[in-house]
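Here's a quick tour of a protein model for you to follow along with. Keep the 3D view open and click on the residues as they come up.

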Amino acid sequence: MLAKESPQTETNYTQIVESICNAAKLGLNGCYIDPFKQLPYTTRLKDCNQVKVIGKSLRYAAISQIGIARWIDYHAEDKKLLPNLFPAILSRISEIQHIGDAALVLWAAIESREPKPDRFIDVVLSLWPHQRDLCNAVELGWVVQAAVLCAKSENSQWAEKIRPLLDDAYSHLKSLYCSQHGLFRRHNRKGRFKVGRTVSCFADQIYPIIAMSSYGAAFNDDWSIRCAASVVESICKFQGPLGQWMWHYDVDSGKICEEYPIFSVHQDAMAPMAIFAADKTAGTNHTSQIELGMRWLWGQNELKETLVLPDQGIIWRDIERRELPKFSRIARSVCCICRADGMHRMLSKPLFGFKVNRECRPYHLGWILYAWADYMETSQR
């Protein structure tokens, strides 16, 4: 039986970080008991209060491995406690058909210090010409990040091999940046894809922030560093009063398009890892915004309910509106594009209240470990 956790308003910030990281480690062990049999897509609360593993995802396994490998770099004592997913990922290399998955697996290979990542470089290079024009900001962020890690490695052959792709992907990502409002577009496709050009999501900001920060640090590129810092300033400006990282933005007007769902992975992993990366390169500090976002998880939210179950290795996925699936997201996006501000404001009201989505995906737990791996080391300086 899974019990609800009570809000803990007085919990120390460091204790919050430690509890979330412990939940992530426990949860990843539960998800990947035997990675050669299953690389799950999600775990979900079903009848009788039991959590069930559902589906499969090589992408989520790659993200989980990125987080696990980075965590072990700083916490070698946990090496025996956390699964090594890379052998299982390697056995499924033939399944990779998407440039985003290929980039994540390459990133995982480098974080895991795989001695011969050439095969993954080759997969990325083979997919890029056919999929480059279809990439959105998220996928471009992954490609640029993986390519930067290759390019700055000590192996000159890897760097030489990946550099043309890196230059092309970086240029493509750079073209999505809207300097007027300090936000990235999702893509630049024409015609019926106007919604995607105008409305971008939180992830469309986060992964480019990480990629631009890495590129700027690797090549001493001031523009990339300023770009990442400006997007951090924008998302912090839009942060909700309870610390919520909002989901969708209208890039053309520089306004919030849709707030909900508020995803836990944004609160405790994606926002921190991107902001830490940008703050490190730009010399800025957004610790207060990160802490506010973390406390949202701990019961300072719309439902006054803690979403973290550290003893079960679970962090529930989001708080969302009670409504028809995607109704508010679609309706408010249309209002943004049509500049129907009055209707947009009216549709922002949660008429039927909120609910918790009792689901926990492994990539969320992986990004937690990635984001907070060096927290104790940097916080004590």
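**A small sheet to start with**

Strand β1 (residues 42-45) and β13 run antiparallel and are joined by two bridges. Keep in mind that this is a predicted model. It has one protein chain to explore, with 16 helices and 13 strands. Let's stay with the sheet for a moment, then look at the chain overall, a helix, the spaces inside, and a few odd spots in loops.

**The sheet around β1**

- β1 also pairs with β2 in the antiparallel sense, this time over four bridges.
- Put those pairings together and you get an open sheet of three strands, in the order β2-β1-β13, with antiparallel pairing.
- β2 (51-54) and β13 (359-360) are the edge strands, each with a single partner, so one side of each has no neighbour in the sheet.
- What holds such strands together? In general, strands of a sheet pair through backbone hydrogen bonds, and they can do so parallel or antiparallel.
- Arg-44 is a handy residue to click on: opposite it in β13 stands Glu-359, and its bridge partner in β2 is Lys-52.

**The chain as a whole**

- How much of the protein chain is buried? Of its 381 residues, 57% are.
- Take the contacts between residues at least 6 apart in sequence: 72% of them join residues at least 24 apart.
- The chain exposes about 16,800 Å², and carbon and sulfur atoms supply 51% of that area.
- For one pair to find yourself, try Asp-34 and Ala-88, which are 54 residues apart in sequence and 9.2 Å apart in space, going from C-alpha to C-alpha.
- Asp-34 sits in the loop between α1 (13-31) and β1.
- With 32% relative accessibility, Asp-34 counts as partly exposed, because that class runs between the 20% limit for buried and the 50% limit for exposed.

**A covered helix**

- Is helix α15 (residues 362-372) mostly covered or mostly uncovered? It's mostly covered, with eleven of its eleven residues buried.
- Among the buried residues of α15 are Pro-362, Tyr-363, His-364, Trp-367, Tyr-370 and Trp-372.
- Look out for two of these names further down: His-364 lines the largest cavity, and Tyr-370 is one of the residues closest to the centre of the largest pocket.

**The largest pocket**

- The largest pocket holds about 1,200 Å³ of space.
- Of the 40 residues that line this pocket, the closest to its centre are Arg-70, Tyr-74, Lys-280, Tyr-370 and Asp-374.
- Several helices each supply at least two residues of the lining, including α2 (58-74), α6 (137-151), α9 (202-219), α15 and α16 (375-379).
- Which helix gives the most to the lining of the largest pocket? That's α11, with six residues.
- Sorted by class, the pocket lining has 16 nonpolar, twelve polar and twelve charged residues.

**The cavity**

- There is one cavity of 30 Å³ or more in the structure.
- The largest cavity has a volume of about 40 Å³.
- Which residues line the largest cavity? They are Ser-264, Val-265, Arg-317, Cys-360, Arg-361 and His-364.
- That lining splits into two nonpolar, two polar and two charged residues.

**Odd spots in the loops**

- Tyr-260 and Pro-261 are joined by a cis peptide bond, with omega at about 0°.
- You'll find Pro-261 in the loop between β7 (255-258) and β8 (262-263).
- Arg-113 isn't a glycine, yet it has a positive phi of about 55°.
- Look for Arg-113 in the loop between α4 (99-111) and α5 (118-131).
- Arg-113 counts as exposed because its relative accessibility is 59%, and the cut-off for exposed is over 50%.
- Lys-304 is another residue that isn't a glycine but has a positive phi, about 55°.
- Lys-304 lies in the loop between α12 (287-297) and β9 (308-309).
- At 57% relative accessibility, Lys-304 also counts as exposed.

Technical notes
Residues are numbered from 1 along each chain as its sequence is written. This is a predicted model: local features need pLDDT of at least 70, side-chain atom pairs count only at pLDDT 80 or more; totals for chains, interfaces and linings use all residues. Side-chain values use heavy atoms; hydrogens and water are left out. On a 1 Å grid over the protein atoms alone, a cavity is a set of points where a 1.4 Å probe fits but cannot get out, and a pocket is an open set with protein on both sides within 12 Å along at least five of seven lines; lining residues have an atom within 4 Å of a point. Grid points are joined across faces, edges and corners, and a volume is the space filled by probe spheres set on the points. Ala, Val, Leu, Ile, Met, Phe, Trp, Tyr, Cys and Pro count as nonpolar, Asp, Glu, Lys and Arg as charged, and the others, Gly among them, as polar. Buried means under 20% relative accessible area, exposed over 50%, partly exposed in between (1.4 Å probe, protein chains only). Two strands pair if DSSP finds at least two bridges between them. Contact means heavy atoms within 4.5 Å. Accessible areas come from the Shrake-Rupley method with a 1.4 Å probe; for residues, only the protein chains shown count as cover.
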